[in-house]
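Got the viewer open? Let's go on a short walk through some strands, and click along as we go.

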Number of protein chains: 2
Amino acid sequence: MPRVAVLTIGDELTSGRVVDRNASTLATRLRDAGIETPIHLTCGDDEDVIVRWLRTAHEAADVVVTTGGLGPTDDDVTHAAVARWAGVELELHDDVLETIRHRFTDRGIVMPEPNRRQAMLPAGATVVPNPLGTAPGVVLEREGKWVVTLPGVPRELAPMLEETVVPFLRTHFRIESVVKVRILKTFGFTESRLAEILAGVSVPAHGGLRIGYRPIFPEIHLSLTASAADEATAVAWISEYEERVRPLLGHRLWGVDDDELAGVVLDGLRRGGLRLATAESCTGGLVGKLLTDVAGSSDVYERGFITYTNEAKQDLLGVPPDLFAPGGAGAVSEACACAMALGARERSAADVAVSVTGVAGPSGGTADKPVGTVWIGVSTRDGTSARMHFYPGPRSWVRTLSAYTAIDSIRRVVLQLPDLDPLARPPRR
Amino acid sequence: MPRVAVLTIGDELTSGRVVDRNASTLATRLRDAGIETPIHLTCGDDEDVIVRWLRTAHEAADVVVTTGGLGPTDDDVTHAAVARWAGVELELHDDVLETIRHRFTDRGIVMPEPNRRQAMLPAGATVVPNPLGTAPGVVLEREGKWVVTLPGVPRELAPMLEETVVPFLRTHFRIESVVKVRILKTFGFTESRLAEILAGVSVPAHGGLRIGYRPIFPEIHLSLTASAADEATAVAWISEYEERVRPLLGHRLWGVDDDELAGVVLDGLRRGGLRLATAESCTGGLVGKLLTDVAGSSDVYERGFITYTNEAKQDLLGVPPDLFAPGGAGAVSEACACAMALGARERSAADVAVSVTGVAGPSGGTADKPVGTVWIGVSTRDGTSARMHFYPGPRSWVRTLSAYTAIDSIRRVVLQLPDLDPLARPPRR
């Protein structure tokens, strides 16, 4: 298998002004085609530096795929650098110039003179056509080492990769292996707890299966990547590992591949013919936002109450006023979470309601109810209950964890799973 | 000035599963402190490869700042690699272990055994404390070359950079120039429109002032970075440019530096003794979420209604049912947006209410009301009105732009500014 290095080029990348998404796009797409990209490099639009990094990258790689620096302006120097690396001249490709000119004349305008530069390509290079833009790329070989150039515009890069570069690399390097990826998605583990669990599961010695973590706060995803001679073997390797690990992940495993937690919950409700209402205090709308991120949520998600004040909790949800009186349980309490969930269900067309009330901080914490104390209530026709969770941390962290826990609590009720054990309890005085 | 290379480490980066944002964060923040990062490298969690790339990077740089690979699991090998690079052993730092242990015991749980690894640091290294996580970084020198390690979690990396790494680099490399950064924050421009406007404003020829764009969707921030011999000069350069550009930005400029749009709006309401209610349909809680991201919003933000169904709009906000009947204006209409805003104000303790109703897509669009059509209503004691905006695009894009426009609409009412001109109008049949 060839070793491929990715070299992304642009002053906007080294200055930090633009986040480099092309490296990730290239790596993902090439990996799915069975090609690893163990090395990523980034440098500015500087001919000397590009030449130096092409040489450095080739010490560890057979192919360097570059992005960027193919535009019409003076600071676009990638093809000049590639020509120097190969010891050849830049030469005008008449057919490429005609293609570029046509992109303009088709829109009724004259090609600006600077675009002529984009038809100046290293001698001996094979052109990589750009169906969506003026800048073509090239493939060039020197002494068994290869350079592939692509533009920096993500929209233009993708089809060039797909239509020309991937087929070229797979054919040229005779890549016959099939790569399959399976993602297992969990909520409720810390990364280290998950590592402890997986330490007990052996990975097959043949080396064709790779297990990786992908913490996407507050979820942790597990990737199973199999590279095998044929699809059946790759699928079998993944299935075998997945079957062994599933019982260990338990109900904290909520989905696979493209599943979204809110989508899984909405699907479960939809299958049961159930509608949902939300009552939010400290999350202030975040639970509703996450549910409605999912297109088509409107047939299940009926309404939401953002009751940020005690008056709103009383007015909209019928929370008893004596909860807020001196000596009452207060807004962050089991009684209030239950009253909010029950009120939301009764004052809507929903069958299931979830409530969140907690101390998101940074102020408002007490010895009894420190920042991070969150009560989550769920109400159905079968009853209403609430559970305390403790997520000490910055405001956005408390809120995000609380909102995900609320959505996961609905999942557990709908799928009749046991409650999630709280990760931690607040300190006792 | 030192030459600094950024080395981001993680299989999730080389595999393309995760877009590398840390390189951009580091480059931006270091640049603001007067330090350039001309080289970015990325490699996987592989000790041999990390050691090799530390050596390669040091050929062109004085300092290598790494991110990632400091976690508690076996695949976190950055400190082992750094120790090998420096020719020293890893040793247990008792004080670091105690700090890590406390992070768990403070939450009432026992430290998992794997976290002990995070206290194994290269001998002779200076610890970079991590105020928000278990993994500390280190600073280590060998023969005049430096390595600085930071965790890969963006939330943890930022304060470590700010509090320890930047002051260290500036002191050690005797960076005496004073760097001042001023951020002007706008909403309602496209990047190309803003570029056109700024093309007419000359930047001083002395080269000490640099103007940069930071599109942080859906806002565009403008950074004015001055690097001068003393603070007074840097401040003067920034002020002079700011005074020239402010009139051109108009009311689309809503804040500076650490201001948040929701915070500016809440402050304006607070100063006027006004309370706010929200009524959301297509944004599903996102407006409430953005408002309550701001700590202390509870004295101003009174309550919110997430009325995702027509029934909820009628029940909770008193929207007339005939709007939803055949021949009625429908849920996405001026009449509905006005009725929602008025209903939210009348059925709450709020003085100002904002409403959002639109077609977020991907389905549900019609020739009359294509995806991206959004009505935003505002109601105060002085009256109620609504305005149409057209944001054709993917669901998350429509929702985010709609929510920001809603918050900006409150700002314009509270500060008595003219309405924002819609960026585009939907096509007529």
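Select strand β3 of chain A, residues 63–67: this strand is mostly covered, with five of its five residues buried. Keep in mind that you're looking at a predicted model. Show the side chains next. In a regular strand they alternate between the two faces of the sheet. On one side of β3(A) you'll find A:V63, A:V65 and A:T67, on the other A:V64 and A:T66, and all of them are buried, so both faces are covered.

Now add the neighbours. Strand β1 of chain A (residues 4–9) runs parallel to β3(A), joined by five bridges. Strand β8 of chain A (residues 145–150) is parallel to β3(A) too, again with five bridges. Click A:V65: its bridge partner in β1(A) is A:V6, and in β8(A) A:V65 stands opposite A:V148.

Next stop, the chain boundary. Select β14 (residues 301–306) in both chains; the two strands pair in the antiparallel sense over three bridges. Pick A:F305 and look across: which residue is its bridge partner in β14(B)? It's B:F305.

Zoom out and colour the whole sheet. It's an open one of ten strands with mixed pairing, ordered β17(A)-β16(A)-β15(A)-β13(A)-β14(A)-β14(B)-β13(B)-β15(B)-β16(B)-β17(B). At the edges stand β17 (383–390) of chain A and β17 (383–390) of chain B, each with a single partner strand, so one side of each has no neighbour in the sheet. Neighbouring strands here are turned by 15° against each other on average, direction ignored.

Last, select helix α13 of chain A, residues 395–414. This helix lies across β13, β15, β16 and β17 of chain A, running at about 155° to β15(A).

Conventions
Residues are numbered from 1 along each chain as its sequence is written. Chains are lettered from A and ligands numbered from 1 in the order in which they are written. This is a predicted model: local features need pLDDT of at least 70, side-chain atom pairs count only at pLDDT 80 or more; totals for chains, interfaces and linings use all residues. Two strands pair if DSSP finds at least two bridges between them. Helices (H or I, at least four residues) and strands (E, at least two) are DSSP runs, numbered from the N terminus. Axes are lines fitted to C-alpha atoms, for helices over the stretch in contact, and angles run from 0 to 180 degrees between N-to-C directions. Two residues are in contact if their C-beta atoms, placed from the backbone, lie within 7 Å. A residue is buried if 20 or more other C-beta atoms lie within 10 Å of its own, exposed if 12 or fewer, and partly exposed in between; C-beta atoms are placed from the backbone.
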